[in-house]
Amino acid sequence: MIILHHLNNSRSQRILWMLEELQLPYTLERYQRDEKTMLAPAALKKIHPLGKSPVLQDGDLIIAESGAIIEYLQETYDPQGTLKPEDTPSRLQYRYWLHYAEGSLMPLLVMKLIFGKLGKPPVPLLIRPIAGAIGKGVQQQFLDKQIATHASYLEDYLTKNAWFAGDHFSAADIQMSFPIEALASRGPIEKCPHLQRWLKTIQARPAYQQALKQGGPYQIGR
């Protein structure tokens, strides 16, 4: 039996979507973030030492990291290869975007979220003005420019490709969903019609919609 240890408003939403795309039976174990700190509860450390989500449990096997989970599910439960391209050029793109999502794009978005909170609690009141100014400066001088470059890069790629691994939907699109939704929540895709088209297309998929029903309300960057 597959068990997904699912944290609200987290990367585990795309694992839930992957399970729905593969039409696999699973059990959902729900965890809620602390309303003040937005951190995962300590109970997740009983499942994995890092106390993070997603964590997939398949029998005695426990797997963390969304990219590793997605690859495991595809290799184990997708024998027809419906979520992985067959031809070599597309497979190379597939592998690239699986790693790019968390290796290149998400670190910038996480940094923007953190630096954007430097002028707010729990930062001590007396240093909030200075911390806020530093955070704003880092965003304006570095992060916003880098994020804009990535948005332009993604937009350019999607002008030539319908999906992130060529002509067909794949698990690479599932992996890319979280960072692009995070990107959209911060506004940089307003002038990126192909990115917007891709986002609307994935969100209209029946399996995506079913994953939302199973996972509950879903907001990024809060």
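This briefing walks through two pockets, one helix and one glutamine. The model is predicted, so please read each point below as a description of that model. The largest pocket holds about 1100 Å³ of space, and the second largest pocket holds about 160 Å³. Helix α7 spans residues 206–215, and Q74 sits in helix α2.

**The largest pocket**

- About 1100 Å³ of space lies in this pocket, and 38 residues line it.
- Closest to the centre of the largest pocket are R11, R33, M38, V110 and L113.
- Two elements, α3 (88–115) and α5 (171–185), each give two or more residues to this lining.
- Of the elements, α3 gives the most, with six residues.
- Sorted by class, the lining of the largest pocket has 20 nonpolar residues, together with ten charged and eight polar ones.

**The second largest pocket**

- Here the space comes to about 160 Å³.
- One part of the lining of the second largest pocket is made of G81, T82, K84, P85, E86, D87 and S90, and the list also includes A165, D167, H168, F169 and S170.
- By class, the second largest pocket is lined by five polar, four charged and three nonpolar residues.

**Helix α7 and its two sides**

- Within α7 (residues 206–215), the residues A207, Y208, A211 and G215 are buried.
- These buried residues lie on the same side of α7, because they cover an arc of only 100° around the axis.
- P206 and K213, on the other side of α7, are exposed.
- Several elements help to cover the buried residues of α7, including β1 (2–7), α1 (12–21), β2 (26–31), α5 and α6 (193–203).
- After α7 comes G216, which has a positive phi, near 90°.
- A name to notice is α5: it gives two or more residues to the lining of the largest pocket, and α5 is also among the elements that cover the buried residues of α7.

**Q74 in helix α2**

- Helix α2 covers residues 66–77, and Q74 is found in it.
- Is Q74 buried or exposed? Its relative accessibility is 5%, so Q74 counts as buried, the cut-off for buried being under 20%.
- Once its neighbours within four places in sequence are left aside, Q74 is in contact with M18, G81, L83, K84 and Y94.
- G81 and K84 appear among these contacts of Q74, and G81 and K84 also belong to the lining of the second largest pocket.

Methods:
Residues numbered from 1 in each chain as written. Predicted model: local features only at pLDDT ≥ 70, side-chain atom pairs only at ≥ 80, totals over all residues. Heavy atoms only, no water. 1 Å grid on protein atoms, 1.4 Å probe; cavity = no way out; pocket = protein on both sides within 12 Å on 5 of 7 lines; lining within 4 Å. Points joined across faces, edges and corners; volume = space filled by probe spheres on them. Helix = DSSP H or I, 4+ residues; strand = E, 2+ residues; numbered from the N terminus. Nonpolar A, V, L, I, M, F, W, Y, C, P; charged D, E, K, R; others polar. Buried < 20%, exposed > 50% of the residue type's maximum accessible area, 1.4 Å probe, protein only. Arc of directions from axis to C-beta. Contact = heavy atoms within 4.5 Å.
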